[in-house]
Amino acid sequence: MLNRFIGLSAAIVGRSSRSNGFPSSSLFKAGNPSQNRTMSTGKAFKVLVTHPEVPQQGIDLLKQNCEVIQLQSVPINRAELLEKIRGVDGVLWAGHEPLNAEALDAAGPQLKSISAMSAGIDFVDVPELKRRKIPLGHTPTVLNTAVADLAVGLLIAASRRFHEGRKKIDNDQWENYHLNWLLGQDIRDSTVGFYGFGGIGQAIAKRLSGFDIDKVLYTTRRRVHKEIEEEYNAKKVDFDTLLADSDFIVIASPLTKDTQGIFNATAFNKMKKSAVLINIARGKIVNQDELYEALKSNRIFSAGLDVTDPEPLSPKDKLLTLDNAVVLPHIGSATNRTRADMSTIAAHNVLRGLAGEPMLSPAY
Ligand SMILES: O=C(O)[C@H](O)CO
């Protein structure tokens, strides 16, 4: 029965794809007539949901077929997690708590399906999961638009000095009698460079095409499809060219051992003095001390960061003292609809893994 349900859900996903390739969460709500006709009431599996605030859409989906237990503490209490994970068949892993051998050992050998409720999986010991042949899902794509919207917001805020302007008001330094007061960088006719040009990068490029930018450069391991390059007037370049030629650089790549710390003093020294750096990916891709120096000395113009190293960032962090750094607390995917969709996709991943079928969004 579970197999029949999951097969049907795949068909629903296929039929209902929006432009980002993911379904509307409303199609998966309990009470959807298509589902009710085919759902089993049997609770064949036990699934742990690692966070009490996972949106109901995902929980309802799991509950139709599984016994669901849910952690109760926020922030996640590791001891509670290690206790409640014991004996479960599947896990919807929400949050960035380390998913490693300790957790897998605590679960036991029957564990057969896990999905993160995030796009990034840098908190997962992937080799360990692979070694144990446990499939892992995640939730990319569905958060592209929310993260892209935020990236554009950061790009405007950092290039037009929103943070500094607000501080001027707070400090009673309103000096607009100067003609060159708080002048920023233009977006029109600019070159925007993407470090990483997957779904999120492309969603940002799509939005920026409405800002009359001149061209898009990107640095990735593999070239994107020719049609995508044509759509965004995008050209693949090496890292040094990206740094030297871009007016705006947007970091939109996963954190890996190759990308960790790649935006360092050497990189900043190759950038234009007028360049604006945006990071919506992971804080550790940037060497934050060296970014601080580059911003403080005006070696680059400004930065807009949704992610930092570490997170949470201390309120006393020196980065926050800078006029030319706009810093947000990692809220790229934080919209109601996106969170609901993430829970839905993660629940489908878990169910499919339990059924021994390919996940909707496998992480490997
Ligand atoms: O990776 C993700 O899903 C976002 O950064 C939120 O964690």
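Start with G120 and the ligand: in this predicted model, a backbone N or O atom of G120 sits 2.7 Å from an oxygen atom of the ligand. Overall, the protein buries 87% of the 230 Å² that the ligand exposes when taken alone. The residue just before G120 joins in as well, since a polar backbone atom of A119 is 2.6 Å from an oxygen atom of the ligand. For a side-chain contact, look at H330, where a polar side-chain atom lies 2.8 Å from an oxygen atom of the ligand.

Which residues are around the ligand? Going along the chain, you meet H96, then S118, A119 and G120, then L143, and further on R282, H330 and S333. Sort that shell by class and you get two nonpolar residues, five polar ones and one charged one.

Now for how the records divide the chain. According to an unreviewed UniProt entry, residues 47-361 carry the annotation "domain: D-isomer specific 2-hydroxyacid dehydrogenase catalytic". Over residues 47-361 the chain is 35% helix and 15% strand, and the end C-alpha atoms of that stretch are 18 Å apart. The unreviewed UniProt entry also places "domain: D-isomer specific 2-hydroxyacid dehydrogenase NAD-binding" at residues 152-332. Here the chain is 31% helix and 15% strand, with 11 Å between the end C-alpha atoms.

Next, go to helix α14, which takes in residues 336-354. How far does α14 reach from its first C-alpha to its last? The answer is 27 Å for its 19 residues, close to the 27 Å expected at 1.5 Å a residue. Is α14 mostly covered or mostly open? It's mostly covered, with 16 of its 19 residues buried. After α14 comes G356, which has a positive phi, near 75 degrees.

One residue of interest along here is A347, whose C-alpha is 9.0 Å from that of D60, although their positions lie 287 residues apart in sequence. D60 belongs to helix α3, residues 56-63. D60 counts as partly exposed because its relative accessibility is 26%, and that class runs between the 20% and 50% cut-offs.

The loops have some backbone details worth a stop. Start with the cis peptide bonds. One joins V74 and P75, with omega at about -10 degrees, and P75 lies in the loop between β2 (66-70) and α4 (78-84). Another cis peptide bond joins E311 and P312, where omega is about -5 degrees. You'll find P312 in the loop between β11 (302-305) and β12 (325-327).

Then there are positive phi values in residues other than glycine. K133 has a phi near 60 degrees and is placed in the loop between α6 (126-131) and β5 (136-137). Is K133 buried or exposed? K133 is exposed, because its relative accessible area is 72% and the cut-off for exposed is over 50%. D189 also has a positive phi, near 60 degrees, and lies in the loop between α8 (162-170) and β6 (191-195). At 57% relative accessibility, D189 counts as exposed.

Stay in the loop between α8 and β6 for a moment, since W174 is found there too. With 53% relative accessibility, W174 is over the 50% line and so counts as exposed. How far apart are the C-alpha atoms of W174 and A157? They are separated by 18 Å, with the two residues 17 positions apart along the chain.

For a buried loop residue, finish at S253, in the loop between β9 (248-251) and α12 (265-270). Why does S253 count as buried? Its relative accessibility is 10%, and buried means under 20%. From the C-alpha of S253 to that of M117 is 18 Å, and the two are 136 residues apart along the chain.

How values were computed. Residues are numbered from 1 along each chain as its sequence is written. This is a predicted model: local features need pLDDT of at least 70, side-chain atom pairs count only at pLDDT 80 or more; totals for chains, interfaces and linings use all residues. Side-chain values use heavy atoms; hydrogens and water are left out. UniProt positions are given in the numbering used here, feature names are shortened, and annotations may be inferred rather than shown by experiment. Helices (H or I, at least four residues) and strands (E, at least two) are DSSP runs, numbered from the N terminus. The expected span of a helix is 1.5 Å times one less than its number of residues. Buried means under 20% relative accessible area, exposed over 50%, partly exposed in between (1.4 Å probe, protein chains only). A residue is near a molecule or strand if one of its heavy atoms lies within 4 Å of it. A polar contact is a pair of N or O atoms within 3.5 Å; within protein, one must be able to donate a hydrogen and the other to accept it, and residues adjacent in sequence count only if both atoms are side-chain atoms. Accessible areas come from the Shrake-Rupley method with a 1.4 Å probe; for residues, only the protein chains shown count as cover. Ala, Val, Leu, Ile, Met, Phe, Trp, Tyr, Cys and Pro count as nonpolar, Asp, Glu, Lys and Arg as charged, and the others, Gly among them, as polar.
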